[in-house]
Amino acid sequence: MRQGLGAASCDMLKSLYAKKDEQKNPMSAATAESKTYEFQAEVSRLLDIVANALYSNKEIFLRELISNASDACDKLRYRALTEDGLMASNQELSVVLEPDAEAGKLVITDTGIGMNAEDLQDTLGAIGRSGTAKFMEALENSADSNLIGQFGVGFYSAFMVADTVTVETRKAGEDQSWRWQSDGKGAYTIEPMEQGPVGTRIILDLKDDAKDFADRHRLEHLVKKYSDHIVIPVQMPAKAEDVGEEGGEEGGGEGGEGAISDTWLETLNKASALWTKSKSDISKDEYDGFYKSSAGAWDDPWETLHFNVEGHLEHTGLLFIPSARPFNLFEPDRKNAIKLYVKRVFITDDCQELAPAYLRFLRGVIDSSDLPLNVSRELLQASPILNLIRKDVTKRTLSALKSRAKKDAEGYSSFWSTFGAVVKEGLYEDPDQRDPLLELARFKSSTQDGWVSLADYKDRMVEGQTAIYYLVGESQDAVKRSPHLEGFKAKGVEVLLLSDPVDSFWTSVLGDYQGTPLKSVTRGADDLASIKKVGDSAEDAAQEPVKEGDFAELIAAMKESLGDDVKDVRLSERLTDSAVCLVADEGDMDMQFARIMAAHGQEIPKQARILEINPKHDAIQALKSRPAHLEDSVQLLLDQALILEGEAPRDASLFAQRLSRLMA
Ligand code: ADP
Ligand code: MG
């Protein structure tokens with residue numbers, strides 16, 4: 001039976017005071033029993049900020065600790081499916097809040113998986129918590145503690161409200177109980193303690209300005225607000241007098257003022273699996289609340305998908321597309337975070353087969369009736385059922401996006417700004433969905449504001465234009481400034497401006513959109529000649545055409561001077577303002593793609609590029625008459641073209657020498 005607060009708080013007080021003495025000199029040598037560890041420097045800094053600088057929204061610590069407790073219960077239930085004796089068959093999983101207003105304490109107990117000494121050190125001492133630095137970064141932009149759960153450092157929010165945090169815990173399947181304790185000032189202790197029940201008990205010694213978190217009504221309200229949709233019941237011992245009123249004899253009699261019964265527990269949250277209810281019985285608030293508590297999110301979902309598949313495949317899904325970007329969206333592991341349940345039992349939140357990586361922003365739950373309850377990780381990976389579920393999830397998500405794009409262009413734009421870079425990964429790695437993905441994709445463009453679709457682009461193509469043109473570069477600023485655009489601008493031809501890292505990838509595999517080829521403006525040469533300038537053709541015609549022969553001598557001299565550094569030198573169709581630019585040959589790799597591959601340490605064959613010169617440019621005109629410093633000028637022009645591509649000149653010191661010589 002669970003211990004009542006009375007006995008426990010005595011226990012705890014004893015240990016607290018004992019600890020306090022030791023903490024006067026936290027780095028003092030460890031006793032045989034208790035060991036003191038330092039937090040990693042980064043965590044120490046985080047704790048300092050959390051404890052001293054976050055004043056708003058302190059209440060969210062409760063959501064974080066309840067969410068951890070509920071996760072721990074889920075983990076135990078899952079492990080107990082495959083390990084005998086881990087959980088008694090009638091054992092209930094729960095989270096219990098025990099406030100003690102008089103003592104200014106709050107105790108949060110769960111009957112979950114618990115932790116051993118190693119776990120305590122690894123998880124609460126925070127070795128390798130990637131979220132720590134990211135959370136601090138986010139705090140610099142907005143001092144909103146609300147974000148903490150998103151960064152995988154939710155536990156530390158306890159230090160917003162507590163001077164001392166004590167964790168007493170025993171891991172399921174092990175005999176030893178452990179006590180972890182810290183005042184959040186650089187160090188923590190871990191010591192073995194007398195055996196307690198399996199699970200975890202977190203004792204918060206509330207700060208002076210946070211004593212109201214020991215208030216029952218406040219806690220009831222907060223559980224409703226933040227943790228209503230936790231599937232595990234969150235309970236609080238009923239007040240003695242309430243118990244007296246309701247049920248009388250059993251619980252009411254036990255002791256003086258403020259005494260709390262240890263048998264009567266009130267459940268504060270709904271504690272039901274929301275996805276099992278029918279759509280018509282669920283309000284928007286309930287959906288939003290479920291999203292927030294199950295995903296640890298603070299935003300409202302941008303879209304909610306609730307579906308029930310029956311027939312030869314049976315599962316229920318409650319999935320959400322967030323409106324804000326989760327912090328780890330661009331971590332290399334590209335993990336999805338959908339929770340897998342089997343017949344309402346939580347199985348894992350690390351099942352990569354549930355959705356393709358390019359939909360990893362999805363949050364929520366898939367509950368399958370087809371998988372066996374004791375499904376192992378290996379079995380999961382090989383399961384054809386998951387394959388079918390993934391297809392279903394993909395299809396539903398893409399069609400939800402399609403209908404949102406149709407109905408709500410503005411809302412869709414904001415989705416695309418947030419997640420478009422991720423969705424575009426699908427263009428590269430999911431050929432099956434390429435067509436629907438191309439319809440969903442939006443791009444920045446050289447002639448339009450906002451986002452444009454390929455369908456819109458095609459409608460705007462000018463006479464003589466046979467391809468959809470794009471330019472890939474490092475950033476929007478860089479592509480907008482690129483000399484490659486000049487000729488296209490002059491002829492009024494729209495160019496898609498791509499600057500996400502993934503753009504180099506999908507453009508390298510995608511040939512066409514509905515029969516119209518996609519073509520990089522950095523490749524090839526002939527296109528612009530066949531496109532008539534939009535608008536005034538009179539002025540165009542009046543301009544004297546460039547005579548190629550006039551430049552033959554210069555081009556030959558340039559080729560000789562540049563040697564193997566270029567594949568060719570030729571007159572440019574695409575330049576109007578700049579003197580030179582580099583282009584890739586028709587069949588060669590896109591230059592930005594080559595740069596990205598090289599930056600990632602990929603061996604790529606060195607490809608010499610073509611140097612194009614602008615015959616109308618003053619510098620080129622001047623070179624035609626073969627000045628004294630032709631060699632220096634030609635070499636400088638190539639370096640200039642490299643710099644325009646965002647690359648370094650071939651040899652910085654030669655570059656400087658040549659420039660100085662010319663200036664002199
Ligand atoms: P997150 O929950 O995102 O992993 P937290 O900082 O909230 O990050 O928690 C860190 C880790 O500490 C958890 O992943 C878990 O391993 C462990 N932990 C925290 N609270 C408990 C608990 N009540 N029972 C078991 N393990 C816990
Ligand atoms: Mg957590």
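Three exercises with worked solutions follow.

The model is predicted: local features need pLDDT of at least 70, side-chain atom pairs count only at pLDDT 80 or more, and totals for chains, interfaces and linings use all residues. Residues are numbered from 1 along each chain as its sequence is written, chains are lettered from A and ligands numbered from 1 in the order in which they are written, and side-chain values use heavy atoms, without hydrogens and water.

**Exercise 1.** Describe the covering and pairing of strand β8.

*Solution.* Strands are DSSP runs of E, at least two residues, numbered from the N terminus. Strand β8 spans residues 234-239, and five of its six residues are buried (under 20% relative accessible area, 1.4 Å probe, protein chains only). Next, β2 (residues 95-100) pairs with β8 in the parallel sense over two bridges; pairing requires at least two DSSP bridges. In this arrangement V95 stands opposite V234.

**Exercise 2.** Classify the ring pair F155 and W180, and place it in the chain.

*Solution.* Rings of Phe, Tyr and Trp (its six-membered ring) pair if their centres lie within 6.5 Å; planes under 30 degrees apart count as stacked, over 60 as edge-to-face and the rest as tilted. The count is 24 aromatic pairs. For F155 and W180 the centres are 5.5 Å apart and the planes at 80°, so the pair is edge-to-face. F155 lies in the loop between α5 (131-141) and α6 (158-161), whereas W180 lies in strand β5 (residues 177-182), 25 residues apart. Both residues are buried. They belong to one aromatic cluster with Y37, F39, Y156 and Y188.

**Exercise 3.** Which ring lies beneath the charged end of R404?

*Solution.* The criterion places NZ of Lys or CZ of Arg within 6 Å of the ring centre and within 35 degrees of the ring normal. The charged end of R404 sits over the ring of W302, 4.0 Å from its centre.

Technical notes: Buried < 20%, exposed > 50% of the residue type's maximum accessible area, 1.4 Å probe, protein only. Helix = DSSP H or I, 4+ residues; strand = E, 2+ residues; numbered from the N terminus.
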